[in-house]
Amino acid sequence: MADKILKKADLGKLIESVTGKGGRFVAPTTDSRQIVFKKVKSAEEIATDYILARNSFKEFLFPQTEVVAEFTLGKDTVDMRGVEVHAPQTVIFGARPCEAASLKGMHALFTWDFIDEFYTKREDNTVVVTVGCTKADDACFCTTVNLSPASTEGADVYLREAGESYTVEAITDKGKKFVEAHAAVFGSGSVKADPLVMPEKIANIDLAKVSERLKDKTHYDDKVWPKLTRKCIGCGACTFVCPTCRCFDIVDEGTAFEGERRKNWDSCQYDTFTLHASGHNPREHQHQRWRNRFMCKFNFFPEKFSGKGCVGCGRCVRVCPVRLDITEVMEEFSK
Amino acid sequence: MEKTLRLKAKELLESGEVKVVIGYGWNRSKTRTTPVFITDPADVDTLVWNPLCVNNLSLYLTRKYKEIKALGRPAIVAKGCDIRNIVVLITEGQFKREDVFIIGMTCNGTVYKQDLWKGELTPNIMPTKCHNCDVRNPHVTDFVVGEKSTFTPPEVPTGMVYDKVKDLDSKSQSERWAFWVKEFSRCVKCYACRQVCPLCYCERCITEKNMPQWIETSAHPRGNLSWNLTRAMHLVGRCTFCGECERSCPVNIPLNLINQKMIGVVKEAFDFKSGYDEKTHPPMIVFSPDDKENFIK
Ligand code: SF4
Ligand code: SF4
Ligand code: SF4
Ligand code: SF4
Ligand code: SF4
């Protein structure tokens with residue numbers, strides 16, 4: 001039976017087809033000596049030989065900084081005005097199966113007790129096209145958190161490398177519509193998909209045990225926290241590249257009489273994250289902040305939203321200047 | 001060298017002369033080094049020494065690390081370039097020379113970033129600082145590990161960073177401005193550069209002062225530029241070119257260019273290079289009647 005395929009040579013046509021209708025096409029590309037997700041205009045810009053982009057694609061749904069309102073101060077008045085959500089039609093191409101699995105949790109958070117339209121409107125207009133991995137490195141651990149290069153969770157369209165083509169599988173309705181809308185670009189044929197590479201499951205990690213141990217709050221003052229994480233320098237880089245981290249801060253910026261209200265990424269790794277105006281800081285030490293990150297991934301978040309707190313992409317491990325490896329902590333908590 | 005290092009660490013811990021040894025160890029898969037804090041003499045075999053030991057551990061001696069301070073007197077495994085930062089910290093009154101036991105490692109260079117390591121240290125994967133290093137034999141120490149290095153740095157400093165600085169200097173002001181605006185536009189305001197810098201030890205960084213807000217925290221071009229320029233200015237005459245900020249920047253902003261440019265300016269104006277002598281105060285914190293002061297016009 002002939003399958004739906006996308007010839008790699010036709011990627012340019014797909015980009016044109018998307019951008020021609022006014023959409024933006026986001027893909028991994030080389031920028032300043034590394035692979036990052038960026039808006040691209042041509043197929044030549046797209047990186048083909050990569051494991052994972054340094055950034056997650058979350059910034060196209062949840063930008064690092066965005067204006068959510070504008071204000072003008074009068075003598076006795078405050079004039080607050082909402083702004084239009086900027087939500088262009090977007091295709092995220094070449095995401096990996098691990099990071100796509102972060103979307104369920106993102107959605108749950110941004111629709112929790114308040115519908116954050118700045119997120120949902122963008123999400124509605126975004127199609128996520130993943131490509132199964134044919135390469136991995138020693139930071140990848142999707143298989144340890146019950147995902148794999150074959151998972152389609154969160155993807156609208158799932159591709160697999162197949163020599164000069166990709167096999168195409170539309171997963172969601174949105175994905176089906178996308179393939180239909182650009183039907184001229186997709187072809188059919190019978191091709192054999194290249195083998196996926198499966199990162200080895202880390203033997204000593206038992207996720208159920210990790211969450212079990214975290215549930216019992218007596219671990220809070222466990223000496224193991226400072227022991228394993230005192231080297232953390234609190235730079236927050238891990239949270240910025242993490243596809244499931246979604247904390248933000250609201251700031252007002254401007255001149256004395258007018259300005260904008262912005263929603264900016266924040267990180268629980270900063271000491272100012274929990275610093276009270278009184279000067280008291282309930283998470284005074286870095287290991288307590290790190291404990292929070294770990295708890296968020298494997299306890300609070302999965303409990304509250306049943307989404308995955310960590311998808312095993314390994315970005316935090318790669319980016320960490322002191323090589324603090326989250327899987328080494330998972331191992332400790334599997335004991 | 002590892003054997004000597006471990007023996008010394010053991011001796012120091014056993015005698016109680018120090019309570020913690022700050023050094024390097026392996027990650028689980030032994031592909032990367034990571035900082036370790038050894039408090040038990042039985043654990044000294046965790047310590048390793050190799051060209052992947054890139055981190056400047058002097059960071060952990062600063063006042064931000066109260067928990068590490070609480071462990072007691074530290075010994076630190078340090079390369080010559082790391083010792084330069086320890087020296088700056090001492091000259092700035094952060095602690096006294098005798099508060100730390102310095103285990104100086106003679107050094108033949110490290111990799112620029114650990115991911116570049118393919119099993120062999122070749123010149124092309126070494127940072128510019130190593131090619132011009134005059135402290136391969138560590139200069140301020142309590143104990144030295146390793147054979148004496150015979151390396152002499154080139155008369156005129158060479159390497160990528162110097163070339164690029166020269167190249168930028170030859171450009172017009174507007175071209176330079178455009179270059180930096182473009183580079184800084186990628187900044188994600190994670191502050192990794194500050195967190196990893198041993199000399200950014202302020203407990204409340206100016207970016208976190210919001211009454212008034214000196215620096216906009218948003219990662220837009222204006223906020224990014226004011227952040228990066230402010231940090232640069234705060235390191236003039238202090239930065240040792242250890243390169244940790246550039247190594248840690250997740251978006252690869254070439255911070256070493258700024259660092260080296262400032263070092264050149266200070267060298268020219270004051271004939272001073274930071275981090276060599278713990279008894280000389282850096283030019284920015286001393287008043288001298290001989291100062292030219294020709295910047296006041
Ligand atoms: S915690 Fe680390 S490995 Fe897990 S999803 Fe976030 S960046 Fe990826
Ligand atoms: S609390 Fe921390 S770990 Fe959790 S989402 Fe926020 S930044 Fe990420
Ligand atoms: S990247 Fe590493 S050092 Fe930085 S906050 Fe995360 S764990 Fe800590
Ligand atoms: S600058 Fe010198 S001491 Fe530092 S890592 Fe390079 S060669 Fe070693
Ligand atoms: S480390 Fe890089 S991205 Fe982060 S604040 Fe510094 S310059 Fe910006």
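Modeller: Helices (H or I, at least four residues) and strands (E, at least two) are taken here as DSSP runs, numbered from the N terminus. This is a predicted model, in which local features need pLDDT of at least 70 and side-chain atom pairs pLDDT 80 or more, while totals for chains, interfaces and linings use all residues. Residues are numbered from 1 along each chain as written, chains are lettered from A and ligands numbered from 1 in written order, and side-chain values use heavy atoms, without hydrogens and water.

Colleague: Which element gives the most to the shell around ligand 2?

Modeller: The residues around ligand 2 (a heavy atom within 4 Å) include A:Cys245, A:Cys247, A:Cys268 and A:Cys296, together with A:Arg246 and A:Arg293. With 4 residues, the element that gives the most to this shell is helix 9 (residues 286–305) of chain A.

Colleague: How many residues of the shell around ligand 2 are charged?

Modeller: Asp, Glu, Lys and Arg count as charged, the group from Ala to Pro that includes Cys as nonpolar, and the others as polar. The shell divides into 4 nonpolar and 2 polar residues, and the number of charged ones is 3.

Colleague: Which strands form the edges of the open sheet in chain B?

Modeller: This open sheet has 5 strands in the order 2-1-3-4-5, with mixed pairing (at least two DSSP bridges between strands). Pairing on one side only marks the edge strands of chain B, strand 2 (33–38) and strand 5 (143–145).

Colleague: Which residue stands opposite B:Ala75?

Modeller: Strand 3 (residues 74–79) and strand 4 (residues 101–105) of chain B run parallel and are joined by 5 bridges. Opposite B:Ala75, in strand 4 of chain B, stands B:Phe101.
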